[in-house]
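Here is a short tour of one protein model. Keep the sequence and the 3D view at hand while reading.

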Amino acid sequence: MQYLGEHLFPGQAGHFFAVLSLIASLIATVAYFKASRTELETTKSGWIRMARVAFLVETISVFAMFGILYYIISNHLFEYKYAYVHSDRSLQVEYLLSCFWEGQEGSFMLWSFWHCVLGWVLIWRAKAWEAGVMTVISFAQFALATMLLGVYVFGVKIGSSPFVLLRNEFEWPFLSSPDYLSKIRDGEGLNTLLQNYWMVIHPPILFLGFASTIVPFAYAIAGLMSKKHEWVRPSLPWASFSAAVLGVGIMMGAAWAYESLSFGGYWAWDPVENASLVPWITLIAGLHTNLIYRNSGYSLRPTYFFYIITFSLILYSTFLTRSGVLGDTSVHAFTDLGMNTQLLLFVLVFFVPALFLYFKQYKAIPSIQKEENTYSREFWMFIGSLVLFLSGMVIIAKTSTPVFNKLFGTNIAPPEDPEYAHNQIQIFVAVIIGFLTAITQYLKYKDTPKEFFGKKIWIPTIIAVLISLAISFFGEINYDKKGPGFLFAIHLAIFTAVYAVVANASYIWLGLKGKLKAAGASVAHIGFGMVLVGILISSAKKTVLSWNTTGVTPLRQEDAKERGNPAGNPAENITLFKGVATDMGRYMVTYTKDTINERDRKRYFEITFKAKQGKESFSLYPDVIKNNKGMEGFAANPAAKHYLHKDIFAYITSFQENDGEDTTQFVNREIKVGDTLFYSNGLLVLNKVDVNPPEQSALYANGETALFLDIAVLSKDGRRYAVNPGIAVNGNSFRPIADTVTSQSLIIQFNKVKDEKKGLLEIGIKESGAITDLITLKVYEFPMINILWLGIVLMVVGFVMSIIQRNRQTQNKLKSVS
């Protein structure tokens, strides 16, 4: 059958390059392996030339697939499943790349792309280690290439191709029609949560971090295979680079969560967050043991282990987030593509041989039998690395609960409060790591005179004690939700975090004599300490500002414990009626207006904050966007007002747009001056009747006699409103002039004078939900959160300085040898 309007060539080209990539990566793997196992230089150079050509073909194939898939998405070729499922015609140009990362196939392609880039840098720089290192990377490319095949071998599907046609994947009746494309008006679109600028830049950086962890791993495997251990020196800058990039990628994800997810912050111990954090933790452990070995000869075995476990955890995180095993425990895991067996093999094909080689060569790996001196730098660096490793294992064990349940048939429920479940352990990890980060640089390798250590450390110690005591006593950190023991741990962690910052800043002058070129590690440690300080203060002092003061809420108490519910406790969500200033603690807050942006299809709400004291006034513009992908309702995107010392963070938890027809009827009631009537949310009192009051003259015409009622409305929450319904009489005709209390959804109408002698009047009362728009808003204050973001920047700067320093040392050593 001839299908009309299909563009088949891009898909055919994409399939061709996918197969070519698979073949080329296999040839490169074999050729590099052969080169690594031969000592004859002429034979070795021949295999390397072949491997480089194969890797070039592989690189061209991966780049070509990347370009073809972008062409398919950007040109909305909905005959292809990938374009139909992940994009639509209304999507902004800047989000077209985000369509890559939404699907598993595109993210595998991105991972492979970075391996190609890193591979060429290694071909240029690795020199004698090229064959061994590139064997591992080429084999990883082969494994990734199988993920993009989408072919059946003996009835078993291998991989999932991004170039498959929609009509071959779905059994929708209209797809059998030759003109089926004319019936597809649009694609399903990009997930609303991914329509954020962070999701254009965060995944490429994160995947570069993922991809770069293979380099220290590959060096370690090459060392085990060749039984040569000089790889630790060239691997050190790579480990620093990987730690810096992966750390930035993780925190970019935190920034995305802060700006796009309505869980009220930058971190929620979500399984996907944990899956990327744990390899970073073990990589930092490996980086430090690598430094230990380079400077003292200790800890080579742990260095091998940490680099092996880091890359293995990257692969395991891939399995966790792509297999569907996490189910509903994560807000941003991939869905199951039916590749669980292949994903598991992807983990095992690296992890099992690597561990086998490690334990086979374990005794042959050089190790100094003499125990480290407790007054040596390497001893405490190793303790810190061990603590980091154990911390990572605790996190990954808690995160892997769904895997345990599936493997062993158990039904272990995730903790009701995942944040506290992790924090109650990790707070003590922060204490230990903060303390070790502070003191370790003041120790020398192998041995440190006690007098030297005491002389250098006492000044930063006193300064840190004074600063942390000031924070504890005057910082109003009174987090008592988990008891006094946890509060004490927070204050102890604040001290050690401040100690890390002060001690490392002091070390630049006390230990390095102001030599900034050699201060990369100290700068990174200062940044890390600031990250800890920012996390501890912003989290411990995170304050809800939006306590409900209106007594009105559309939220239900029974939904408060629902997982992923952004509102949480209804009492923490203030209800705002459009145009009505509402008391919110330090601020009067007004829901001013809302508007729909046609470009990004988001509804923006203008919320005005006016301080009760002082002249401070600002507006926030949180938004909502209609969910897609079969999900109902709306997704909320927060907005924040940034100060140097805090953020005011707000997001919409519900909104009610009353544009329907008002079918509520007035209920007529009799009343006299001084009488009280009740309505559903309070009472109203008639104070007096005014005839032709001047302040209401705009509401009645010349020649009319106007009677206005002075009514006080008192709501259940103690609020008082003045209402002035009236009636205008002209001869035998009259017209009512109703008045409204918007925030109470209350309309009062003066119907008539029922008995003039008795002063008996008739009014109409109507309670209608159709007279106003309302929203519920959640507002937090995050004190000192900018310390966290600044700490990230400093930590990365420190890593970069260290990389430059290590490369300079390597070059100087090579020059001295030559």
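The report starts with the whole chain and then turns to single helices and residues.

**Ground rules**

This is a predicted model, in which local features need pLDDT of at least 70, side-chain atom pairs count only at pLDDT 80 or more, and totals for chains, interfaces and linings use all residues. Residues are numbered from 1 along each chain as its sequence is written, and side-chain values use heavy atoms, without hydrogens and water.

**The whole chain**

The protein chain has 20 helices and 23 strands. Helices (H or I, at least four residues) and strands (E, at least two) are DSSP runs, numbered from the N terminus. Along the principal axes, the C-alpha atoms fill a box of roughly 120 × 85 × 50 Å. Of the 818 residues, 54% are buried. Buried means under 20% relative accessible area, exposed over 50%, and partly exposed in between (1.4 Å probe, protein chains only). Contact means heavy atoms within 4.5 Å. Among contacts with a separation of 6 or more, 70% join residues 24 or more positions apart.

**Helix H11 and its ends**

Helix H11 covers residues 271-296. Its 26 residues reach 38 Å from first C-alpha to last, close to the 38 Å expected at 1.5 Å a residue. That expected span is 1.5 Å times one less than the number of residues. H11 is mostly covered, with 23 of its 26 residues buried.

At the start of H11, a side-chain oxygen of Asp-270 comes to within 2.9 Å of the backbone nitrogen of Val-272. Gly-297 follows the helix, and its phi is positive, near 90°.

Most residues other than glycine have a negative phi. Two residues here have a positive one although they are not glycines: Trp-269 and Arg-601.

| Residue | Phi | Loop | Relative accessible area |
|---|---|---|---|
| Trp-269 | about 55° | between H10 (232-260) and H11 | 13%, buried |
| Arg-601 | about 60° | between S6 (587-597) and S7 (602-611) | 28%, partly exposed |

**H17 against H18**

Two packed helices are described by the angle between their axes and the distance between the axes. Helix H17 (residues 450-474) and helix H18 (residues 484-510) pack at about 140°, with axes 8 Å apart. Axes are lines fitted to C-alpha atoms, for helices over the stretch in contact, and angles run from 0 to 180 degrees between N-to-C directions.

Which residues of H17 and H18 meet? On the H17 side they include Ile-457, Pro-460, Ala-464 and Ile-471. On the H18 side they include His-491, Phe-495, Val-498 and Leu-510. The residues of this contact divide into 14 nonpolar, five polar and one charged. Ala, Val, Leu, Ile, Met, Phe, Trp, Tyr, Cys and Pro count as nonpolar, Asp, Glu, Lys and Arg as charged, and the others, Gly among them, as polar.

**Two buried residues that touch Tyr-32**

Ala-51 is in helix H2 (residues 41-74). Is Ala-51 buried or exposed? Ala-51 is buried, because its relative accessible area is 0%. Leaving aside neighbours within four places in sequence, Ala-51 is in contact with Ala-28, Ala-31 and Tyr-32.

Thr-135 lies in helix H6 (residues 130-146). At 7% relative accessibility, Thr-135 counts as buried. Beyond four places in sequence, Thr-135 touches Thr-29, Tyr-32, Phe-33, Ser-36 and Glu-130. A polar atom of the Thr-135 side chain lies 3.3 Å from the backbone oxygen of Tyr-32.

Notes:
Polar contact = N/O pair within 3.5 Å; in protein donor to acceptor, adjacent residues only side chain to side chain.
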